[in-house]
Amino acid sequence: MIALTTLIPLCVPFERRKEAARGGATFNGEQKCWMAPRDKLDALLPFVPYRYRPDREAPYIRPWMVPQALWGFNLRAFLAPEDWNRIRKDAYARSGSRCRVCGGRGPQWPVEADEGWAYDDERRIQTLKGVISLCPDCHGVRHWGKTMTEDRQDAALAWMAEVNG
Ligand SMILES: [Zn+2]
C-alpha cells in the first residue's frame with residue numbers, strides 16, 4: 001500500500017510540462033522528474049505510469065510471448081538506423097524519458113524502446129501496435145527469454161513481483 005503523500009514519478013513530455021504543473025505536479029530537479037501525490041493522479045492520468053494508474057489493474061508488466069519463428073528479430077534490424085532512432089527517440093520523448101510501466105529509469109540507459117506486437121497465428125501476420133519507453137528492469141521482464149539466456153531471471157522475477165504487487 002502506497003501512502004497518499006508518497007510522490008509518484010510521472011511521464012511528462014517536455015512540451016506538456018505546463019499541463020502537468022496545472023494538474024498539480026511538481027518538478028524534482030534532483031531526480032529530473034515530474035512528481036505528484038497519489039490523490040492528484042486523477043487529474044494527471046495521461047502522465048501516470050501504468051503501475052500507479054487508478055483505472056488499471058495488475059499485472060502491469062509480464063513476459064511478452066513471441067512466436068518462436070520471430071525470436072531474435074526486432075524492428076531495429078529491419079529499419080535504417082536513422083528511422084529506428086527517430087522512432088525510439090519519439091517514444092522516449094513521449095514519456096519524458098521515464099518508464100511507462102513504473103516511472104523509473106535505469107542507471108546507465110534511462111529507458112529503452114519496447115515494441116508492442118499483435119500476432120495473428122492463423123494468417124501468420126504480426127502487426128506493430130506501438131513503441132513505448134521501458135526502464136531496463138521492466139524491459140528485462142518483457143523479454144523473458146533473453147533475460148534467461150543472460151541468467152538475470154531471479155532479479156527480473158523479483159522486479160515483476162514488486163511492480164505487480
Ligand atoms: Zn520500469
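**Exercise 1. Find which element gives the most to the lining of the largest pocket, then describe that pocket.**

Solution. Start with strand E4: with six residues, E4 gives the most to the lining of the largest pocket. Keep in mind as you look that this model is predicted.

Next, place E4 on the chain: the strand covers 112-120. Helix H2 (75-78), helix H3 (81-94), helix H4 (136-142) and helix H5 (144-149) also supply at least two lining residues each.

Now look towards the middle. Of the 33 residues that line the pocket, Phe 73, Asn 74, His 139, His 143 and Lys 146 lie nearest its centre. The lining divides into 17 nonpolar, eight polar and eight charged residues, and the pocket has a volume of about 1100 Å³.

**Exercise 2. Decide whether Arg 142 is buried or exposed.**

Solution. First find Arg 142 in helix H4. Then take its relative accessibility, 14%. Buried means under 20%, so Arg 142 counts as buried.

Finally, see what surrounds this side of the helix. Leaving out residues up to four places away in sequence, Arg 142 touches Ile 61, Arg 62, Pro 63, Trp 64, Asp 114 and Leu 134.

**Exercise 3. Work out how domain 1 and domain 2 meet.**

Solution. Begin with the bounds: domain 1 spans 7-48 and domain 2 spans 68-164. Their contact takes 11 residues from domain 1 and nine from domain 2.

Then turn to area. The two domains bury about 650 Å² between them, 47% of it on carbon and sulfur atoms. On the domain 1 side, Pro 9, Cys 11 and Pro 13 supply 55% of the area buried against domain 2, more than any other three residues.

Notes
Residues numbered from 1 in each chain as written. Predicted model: local features only at pLDDT ≥ 70, side-chain atom pairs only at ≥ 80, totals over all residues. Heavy atoms only, no water. 1 Å grid on protein atoms, 1.4 Å probe; cavity = no way out; pocket = protein on both sides within 12 Å on 5 of 7 lines; lining within 4 Å. Points joined across faces, edges and corners; volume = space filled by probe spheres on them. Helix = DSSP H or I, 4+ residues; strand = E, 2+ residues; numbered from the N terminus. Nonpolar A, V, L, I, M, F, W, Y, C, P; charged D, E, K, R; others polar. Buried < 20%, exposed > 50% of the residue type's maximum accessible area, 1.4 Å probe, protein only. Contact = heavy atoms within 4.5 Å. Domains from an automatic or database assignment. Buried area = accessible area lost by both parts, 1.4 Å probe.
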